Amino acid sequence: MHETGQIYEKVILVGLDTGSAEQAERSLDELAELAKTAGAEVAGRLIQARESAHPATYIGKGKLEELKDLLWETESSGIICDDELTSAQLGSLESELSCKIIDRTLLILDIFAARAVSGEGKIQVELAQLRYRASRLTGLGRSLSRLGGGIGTRGPGEKKLEMDRRLIRERISRLKKDLKAVERHRELVRSQRMQSGVKSAALVGYTSAGKSSIENALTGAGILADAMLFSTLDTTTRTLTLDGTREILLTDTVGFIRKLPHHLVEAFQSTLEEAKYADIIIHVVDASNPQMEEQMHVVYETLRELGVGDRPVVTLFNKQDRLEGTDRKCRDFRADYSIPTSAKTGQGLEELKKALLEILRRDEIYIERLYGFSEAGKVQLIRSRGQLLSEEYVPDGIAVKAYVPKDIYGKL
């Protein structure tokens, strides 16, 4: 993959108000954050109230003239539209405005290209980019062929623009094979994890909610955590000790966002499935964000699409340190536990560990047994699959107190 350094350029944000002016403004606020993350300076914004996007130019003719004036006044080099554009819309806008045209999907793909670190992450991003570009070759052709760099050009970038559809299809086919090999490895790791009896919890949440900060605070994982959207892209799994003897695997996952491009959902299926196969979902929420409720809805909708609907959920209302002096009460009625937390101060993290332990206990049975010395293998099974609270060697054998999973109870 070809990546460029960060190039700052002025852009105009363009969005549609299809029924709620407030929601349109909030969506454009988020688009501004995405643009900043990609390395662009927002020089202006334009919103048009319409029932739906114009099939040819996204916005109407009058707003198009207004946009031309705004581009000239601000000396901006391009526009970023708040929705995914069709090939026809891309071509028409480029022809009308003679500037760089980027839509929300391409912007997010660009950020992902810059943030991908692992081999799997890079394959997933390139696959998503090529799928996007393959369906829009006619719309992207002239516009991107003359770009020298900047947002919207990372990843496959210029070297892919000269490819015809056949070459792109061949590249996609090769990437799919590479991704399948990575997915098989991930599935093998998952199956070994399940056989070992070690339970897992997946940190999910809206981008920038603080998932990486929570994992760092709990396990010292050392994951990059900053205020930028999608600061981490690759999953990280670490061991978390709950009460001195009991451990659980904690996995950080890619952040969710409104209008998450379907190209990304498809390409990142194996990564997102970390949540699908987890025993517990830890939903991290930015309690200081005014759009908290909306963001929570996006997360639950994404989980529903992934088929994650029957897992115990612990919701962490993070960033409580930013709410000092306010009386904001947070509660998630869809979760088993709602815990106010702060990765910065450590607030609520011990309560989280207790909640995780209580959830694990639901599928366990408490036993007090005396095993003969010839049954030491059963004690070892308890030690490896359950939680051995105490073992005492007495004249008649080994006295054991423990919590054991229901699936091995019959063997004991």
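### Two unusual backbones and a one-sided helix

Ser208 is partly exposed, with a relative accessible area of 24%. Keep that value at hand for these exercises on a predicted model.

**Exercise 1.** Work out where Ser208 is found and what sign its phi has.

*Solution.* Start with the location: Ser208 belongs to the loop that runs between strand S5 (200-205) and helix H9 (211-219). Next, take the backbone angle: phi of Ser208 is positive, about 70°, although Ser208 is not a glycine. Finally, check the surroundings: partly exposed covers the range between under 20% and over 50%, and Ser208 has 24%.

**Exercise 2.** Decide whether Lys319 is buried or exposed, and place Lys319 in the chain.

*Solution.* Begin with the cut-off: buried means under 20% relative accessible area. Lys319 has 15%, so Lys319 counts as buried. Then place Lys319: the loop between strand S9 (313-318) and strand S10 (337-340) holds this residue. Its phi is positive too, near 65°, and Lys319 is a residue other than glycine.

**Exercise 3.** Find which residues of helix H14 (residues 376-385) are buried, and explain why they line one face.

*Solution.* First, list the buried residues: Val379, Ile382 and Arg385. Now look down the axis of H14: these buried residues fall within an arc of 145°, so they line one face of the helix.

**Exercise 4.** Summarise the whole chain: how many helices and strands does the chain have, and what share of its residues is buried?

*Solution.* Count the elements: 15 helices and 13 strands. Then take the burial: 52% of the 412 residues are buried. To finish, turn to contacts between residues at least 6 apart in sequence: 70% of them join residues at least 24 apart.

Notes. Residues numbered from 1 in each chain as written. Predicted model: local features only at pLDDT ≥ 70, side-chain atom pairs only at ≥ 80, totals over all residues. Heavy atoms only, no water. Helix = DSSP H or I, 4+ residues; strand = E, 2+ residues; numbered from the N terminus. Buried < 20%, exposed > 50% of the residue type's maximum accessible area, 1.4 Å probe, protein only. Contact = heavy atoms within 4.5 Å. Arc of directions from axis to C-beta.
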